Amino acid sequence: MAILLPDALRAALAVEIERLGSRARGVGWIVPENLHLTIKFLGGVEPLRVERVAAALQAAAAAAEAFELALRGVGAFPSPARPRVIWAGVHAGGGAMAALAARVDDALGPLDFPRDERPFSAHVTLGRVREPRRDPALTEALAAGAERDFGRFRVEQLTLMRSDLSPRGARYTALAAWPLGR
């Protein structure tokens, strides 16, 4: 499940990826058209279960409210000093996004999808470090972008995505989308 980003936000994040990319080696950067906010990753779902998943997600979306979301700052998991995942942060709307993620978890629980054990962390993945190590130039570039404002938008729908992995990276396909309905 994902929240798709408007073109203007993807363009702003693409500029940031270019800035960071000039300072970092060994990072697999996400192509701009693939940038999104993940609500929940399901892994492989058998085709026969997709219809039930879709019905559960439709109900979760209908019970949620649309909300404003703002993206600001870059950072890394587990830390900027030793990054594995480089991200853009959610500045405003993180609570509403976490509430939507909890609704999705609740809706998918009866279908035997386990709840995420880690607390929900709203972010847009910008890149993945291929071989995690200390990289002072990247750490410095992340610090320089910690307060960079990327923009805001109104989240009005939830999208079920399929990801197909290949040596050239993931390719995402929207399978269905539902308006947030309250």
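Which residues does Thr-139 touch, not counting residues up to four places away in sequence? Keep that question in mind; the tour returns to it at a later stop.

**Before you start**

You are looking at a predicted model, in which local features need pLDDT of at least 70, side-chain atom pairs count only at pLDDT 80 or more, and totals for chains, interfaces and linings use all residues. Residues are numbered from 1 along each chain as its sequence is written, and side-chain values use heavy atoms, with hydrogens and water left out.

**Stop 1: the whole chain**

Show the chain as a cartoon. Its secondary structure comes to four helices and nine strands, where helices (H or I, at least four residues) and strands (E, at least two) are DSSP runs numbered from the N terminus. Following the sequence, you will meet them in the pattern β-α-β-β-α-β-β-α-β-α-β-β-β. The radius of gyration is 17 Å, close to the 16 Å that the globule rule gives for 182 residues, so the chain is as compact as a globular protein of that length. Here the radius is taken over C-alpha atoms, and the rule is 2.2 Å times the number of residues to the power 0.38. Along its principal axes, the C-alpha trace spans about 45 × 35 × 30 Å.

Now switch on the surface. The chain exposes about 10000 Å², and carbon and sulfur atoms supply 53% of that area; accessible areas come from the Shrake-Rupley method with a 1.4 Å probe, and for residues only the protein chains shown count as cover. Of the 182 residues, 39% count as buried. Buried means under 20% relative accessible area, exposed means over 50%, and partly exposed lies in between (1.4 Å probe, protein chains only).

Contacts are worth a look too, a contact being heavy atoms within 4.5 Å. Among those between residues at least 6 apart in sequence, 77% join residues at least 24 apart.

**Stop 2: charged pairs**

Side chains of opposite charge can pair when their charged atoms come close. A search of the whole structure finds 15 salt bridges, each one a side-chain nitrogen of Lys or Arg within 4 Å of a carboxyl oxygen of Asp or Glu.

Select Asp-7 and Arg-10 to see one of them, with the closest N and O atoms 2.5 Å apart. Both residues sit in helix H1 (residues 7-21), three residues apart, and are separated by about one helical turn. Asp-7 is exposed, at a relative accessible area of 57%.

Next, select Asp-105 and Arg-115, another salt bridge, whose closest N and O atoms are 3.5 Å apart. Asp-105 lies in helix H3 (residues 94-108) and Arg-115 in the loop between H3 and strand S6 (123-129), so the pair ties together parts that are 10 residues apart in sequence. Is each partner buried or exposed? Asp-105 is buried, with a relative accessible area of 9%, while Arg-115 counts as partly exposed at 46%.

Add Lys-40, Asp-106 and Asp-116 to your selection: together with Asp-105 and Arg-115, they are linked in a network of salt bridges.

For one more pair, go to Arg-171 and Asp-164, whose side chains meet in a salt bridge (3.6 Å, N to O). Arg-171 is exposed at 54%, and Asp-164 is partly exposed at 25%.

**Stop 3: Asp-135 and Thr-139**

Select Asp-135, in the loop between S6 and helix H4 (136-144). Asp-135 is buried yet has no salt bridge; the nearest side chain of opposite charge, Arg-133, is 4.4 Å away. Leaving aside residues up to four places away in sequence, Asp-135 touches Arg-23, Ala-24, Arg-25 and Ala-81.

Then move to Thr-139 in helix H4, which counts as partly exposed at 23% relative accessibility. Here is the reply to the opening question: Thr-139 touches Pro-80 and Ala-81, again not counting residues up to four places away in sequence. For a longer view, draw a line from Thr-139 to Ala-2: they are 137 residues apart in sequence and 28 Å apart in space, C-alpha to C-alpha.

**Stop 4: two backbone details**

Zoom in on Phe-77 and Pro-78, which are joined by a cis peptide bond with omega about -5 degrees. Pro-78 lies in strand S4 (residues 67-79).

Finish at Asp-112, in the loop between H3 and S6. Asp-112 has a positive phi of about 70 degrees although it is not a glycine, and at 67% relative accessibility Asp-112 counts as exposed.

Technical notes
Lys, Arg positive; Asp, Glu negative; His and termini not counted.
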